[in-house]
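I opened the notebook to work through this model one item at a time. The structure comes before my entries.

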Amino acid sequence: MDNQAKERYKKRVERLNPKPPLVKNCCWAFVVGGFICVLGQFIQNSFMDGAGLSRSNATAATSAVMVFLGAFLTGLGIYDELGKRAGAGSIVPITGFANSIVASAMEFKREGFVFGVGAKMFTIAGPVIVYGTITAFIVGLLHWLMSLGG
C-alpha cells in the first residue's frame, strides 16, 4: 500500500469513526463523581454527629464503608453499569479502587482461588498500591530528613 492510499484510508477512518459525546461524558463524570463524594461526606458527618467519633476515626470508618459499598455494588453488577455511564467520575473516588480489585477477582474466579483470584486480584490495583507505598516512603523519608535539619 503506497503512502497516498494509507492517507486516504486514514482520512476515511477518521471520517467514519463516531465522535464521542465529550460534553455529555464530562457532565456524567462530574455528577456521578460528585455524588459519590457527597455520599462519603454524608457518611462521615453521620459518624461524627451520630456515633460521636472524632474526625480521624470517622474518616477511617467512612473509608471502610465506601470501600465496602464499592465492592458490594461491583458484586451486584451495578458499579460496572455506573462506570459505563460515568467514566472517570466513577473511578476517581475510593469506591473505584474497590471496584478494580473486586472486578478482577470476579473475572478470574473461574481460574481458581490461587492462580485466579489470588494472582490476578491486584492486576489493576497493584500498581496503585506499589507506587502509593513508594511515594509514601519517599515523602516520609524527606520529612524525616527535613526534621533533622531543625
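**Helix α2 and its partners.** Which helices do the buried residues of α2 pack against? I looked this up and found α3 (55-76), α4, α5 (88-91) and α6. Before going on, I noted that the model is predicted, that local features need pLDDT of at least 70, that side-chain atom pairs count only at pLDDT 80 or more, and that totals for chains, interfaces and linings use all residues. I also noted that residues are numbered from 1 along each chain as its sequence is written, and that side-chain values use heavy atoms, with hydrogens and water left out.

My helix names follow DSSP: helices are H or I runs of at least four residues, strands are E runs of at least two, and both are numbered from the N terminus. For packing I used contact, which means heavy atoms within 4.5 Å. For burial I used relative accessible area: buried is under 20%, exposed is over 50%, and partly exposed lies in between (1.4 Å probe, protein chains only).

I then listed the buried residues of α2. They are Ala 29, Val 32, Gly 33, Ile 36, Gly 40, Ile 43, Gln 44 and Met 48.

I checked the length of α2 (residues 22-49) too. Its 28 residues should span 40 Å at 1.5 Å a residue (the expected span is 1.5 Å times one less than the number of residues), and the end C-alpha atoms are 40 Å apart, which agrees.

**Phe 47 and Ala 61.** I picked Phe 47, which sits in helix α2. Is Phe 47 buried or partly exposed? Phe 47 is partly exposed, at 22% relative accessible area. I left aside neighbours within four places in sequence and found Phe 47 in contact with Gly 52, Leu 53, Ala 58, Ala 61, Thr 62 and Val 65. Thr 62 is 15 residues from Phe 47 along the chain, and their C-alpha atoms are 7.7 Å apart.

I turned to Ala 61, which lies in helix α3. Ala 61 touches Phe 47 and Leu 53, not counting residues up to four places away in sequence. I also looked up Arg 12, 49 residues from Ala 61 along the chain, and read 54 Å between the C-alpha atoms.

**Ala 71 and Thr 95.** Ala 71 is another residue I looked up in helix α3. Ala 71 counts as partly exposed, at 23% relative accessibility. Not counting residues up to four places away in sequence, Ala 71 touches Ala 98 and Val 102. From Ala 71 to Ile 101 I read 8.0 Å, C-alpha to C-alpha, with their positions 30 residues apart in sequence.

Thr 95 is in helix α6. Thr 95 counts as buried, at 4% relative accessibility. I skipped residues up to four places away in sequence and found that Thr 95 touches Ile 36, Met 66, Gly 70, Tyr 79 and Ser 90.

**Helices α6 and α8.** I took the angle and the distance between the axes, because two packed helices are described by these. Axes are lines fitted to C-alpha atoms, for helices over the stretch in contact, and angles run from 0 to 180 degrees between N-to-C directions. Helix α6 (residues 94-107) and helix α8 (residues 125-148) pack at about 130 degrees, with axes 9 Å apart. I therefore entered α6 and α8 as oblique to each other. The cut-offs are under 35 degrees for roughly parallel, over 145 for roughly antiparallel, 65 to 115 for roughly perpendicular, and oblique for the rest.

Which residues meet there? Phe 97, Ser 100 and Ile 101 in α6 meet Ala 125, Val 128 and Ile 129 in α8.

**Salt bridges.** How many salt bridges does a search of the whole structure find? I got two. The term means a side-chain nitrogen of Lys or Arg within 4 Å of a carboxyl oxygen of Asp or Glu.

Lys 84 pairs with Glu 81, with the closest N and O atoms 3.2 Å apart. Lys 84 and Glu 81 are three residues apart in helix α4 (residues 78-86), so about one helical turn separates them. Lys 84 is exposed at 66%, and Glu 81 is partly exposed at 48%.

Lys 120 pairs with Glu 111, with the closest N and O atoms 3.6 Å apart. Lys 120 is partly exposed at 29%, and Glu 111 is partly exposed at 41%.
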